[in-house]
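Let's take a walk through this protein chain, going from one strand to its partners and then out to the charged side chains. Keep the structure open beside you as you read.

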Amino acid sequence: MTRPDDSTGDPTVQPVPAEVTARVDAADTTLSNPRRAVLSLGSNLGNRLENLQGAVDALEDTPGLRVTAVSPVYETAPWGVEPGSQPSYFNAVVLVRTTLPPGSLLERAQAVEEAFARVRTERWGPRTLDVDVITHADTVSEDPQLTLPHPRAHQRAFVLVPWHDVDPAAEVPGRGPVAALLAGVSRDGVTPRPDLELRLPE
């Protein structure tokens, strides 16, 4: 789902009803000087769609955070592993407005992962839920606890494709427009799933 009017004709991008948009805008007034942030969601264990929806709902339940847009769902090949060695992922991107500083947003993202029994036993291993902070406003930081923007987002079609769906004018701080970055990566292994949909919290 996406709040802005979509003129691309992409059938996987569904407009949000006006009454939902109004509620989101009203909720935003409860935040003091909110910043925009982008999070990437992924799951390749368990009920993948339910895991992603649970993450969206948990983020919306976070004090100081409002979910403003949820991308279409894509099925993607696992990153950094041998083909066929893991189940495929469901991926999506969430746009939020938040008063949380980057470190607190990361803590909340990790808490949501843990609520879905995320296990960190190997790099690029399978997981019930992955919640990555991609950007936080225009912050550029080399902090090893949270590098911003995400250091590999500009190379990953499974981040760039759904992000472009919900915000065609988006930019990766220090890297450039998402549209231009997307033109430089392969979309192989990133498959739209128009039969699946994540709900924007009401």
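Start with β2 and β4, which run antiparallel and are joined by five bridges. One pair to pick out here is L65, whose bridge partner in β4 is T98. Bear in mind throughout that you're looking at a predicted model.

Now stay with β4 and look at what else lines up with it. β1 pairs with β4 too, again in the antiparallel sense, this time over nine bridges. If you want a residue to anchor that pairing, take S40, which has V93 as its bridge partner in β4. Then there's β3, which is antiparallel to β4 as well and pairs with it over three bridges. In that pairing, E75 stands opposite F90 of β4. Hold on to E75, as we'll come back to it.

How many of the residues of β4 are buried? Ten of ten, so the strand is mostly covered. Follow the side chains along the strand and you'll see them split into two sets. Y89, N91, V93, L95 and R97 point one way, while F90, A92, V94, V96 and T98 point the other way, and all are buried.

Next, helix α2, which covers residues 48–60. With 13 residues, α2 reaches 19 Å from its first C-alpha to its last, close to the 18 Å expected at 1.5 Å a residue. Its buried residues are N51, L52, Q53, G54, A55, V56, A58, L59 and E60. What do they pack against? The strands on that list are β1 (35–43), β2 (65–70), β4 (89–98) and β5 (130–136), and helix α3 (102–115) is there as well. So the strands we've just visited turn up again, with β1, β2 and β4 among the elements that the buried residues of α2 pack against.

One name in that buried set may catch your eye: E60, which sits in α2. Side chains of opposite charge can pair when their charged atoms come close. Does E60 end up with a salt bridge or without one? Without one: E60 is buried, and the nearest side chain of opposite charge, R66, is 4.4 Å away. The cut-off for a salt bridge is 4 Å between a side-chain nitrogen and a carboxyl oxygen, so this pair doesn't count. Leaving aside residues up to four places away in sequence, E60 touches L65, R66, V67 and P201. L65 is the residue we met earlier as the bridge partner of T98.

So where do charges pair up? The count comes to four salt bridges, and E75 takes part in one with R48, where the closest N and O atoms are 3.5 Å apart. E75 lies in strand β3 (residues 74–76) and R48 in helix α2, so this pair ties together parts that are 27 residues apart in sequence. E75 also forms a salt bridge with R193, with the closest N and O atoms 2.7 Å apart. Here R193 lies in the segment after β8 (190–192), so the link joins parts that are 118 residues apart in sequence. R193 in turn meets D195 in a salt bridge, at 2.7 Å from N to O. Put these together and you get one network of R48, E75, R193 and D195, joined by salt bridges that share partners. As for cover, E75 counts as partly exposed, at 21% relative accessibility, whereas D195 is exposed, with a relative accessible area of 53%.

For a last local stop, go to A170, in the loop between α4 (157–166) and β6 (171–172). Is this loop residue buried or exposed? A170 has a relative accessible area of 5%, which is under the 20% cut-off, so it counts as buried. Not counting residues up to four places away in sequence, A170 touches W163, P177 and V178. You can also check A170 against L160: they are ten residues apart in sequence and 9.7 Å apart in space, C-alpha to C-alpha.

Finally, zoom out. The protein chain has five helices and eight strands, running α-β-α-β-β-β-α-β-α-β-β-α-β from the N terminus on. Of its 202 residues, 49% count as buried. Among contacts with a separation of 6 or more, 72% are between residues 24 or more positions apart. The accessible surface comes to about 9900 Å², and 50% of that belongs to carbon and sulfur atoms.

Terms used
Residues numbered from 1 in each chain as written. Predicted model: local features only at pLDDT ≥ 70, side-chain atom pairs only at ≥ 80, totals over all residues. Heavy atoms only, no water. Helix = DSSP H or I, 4+ residues; strand = E, 2+ residues; numbered from the N terminus. Buried < 20%, exposed > 50% of the residue type's maximum accessible area, 1.4 Å probe, protein only. Lys, Arg positive; Asp, Glu negative; His and termini not counted. Contact = heavy atoms within 4.5 Å. Expected span 1.5 Å × (residues − 1). Areas by Shrake-Rupley, 256 points an atom, 1.4 Å probe, with all protein chains shown as cover. Pairing = 2+ DSSP bridges.
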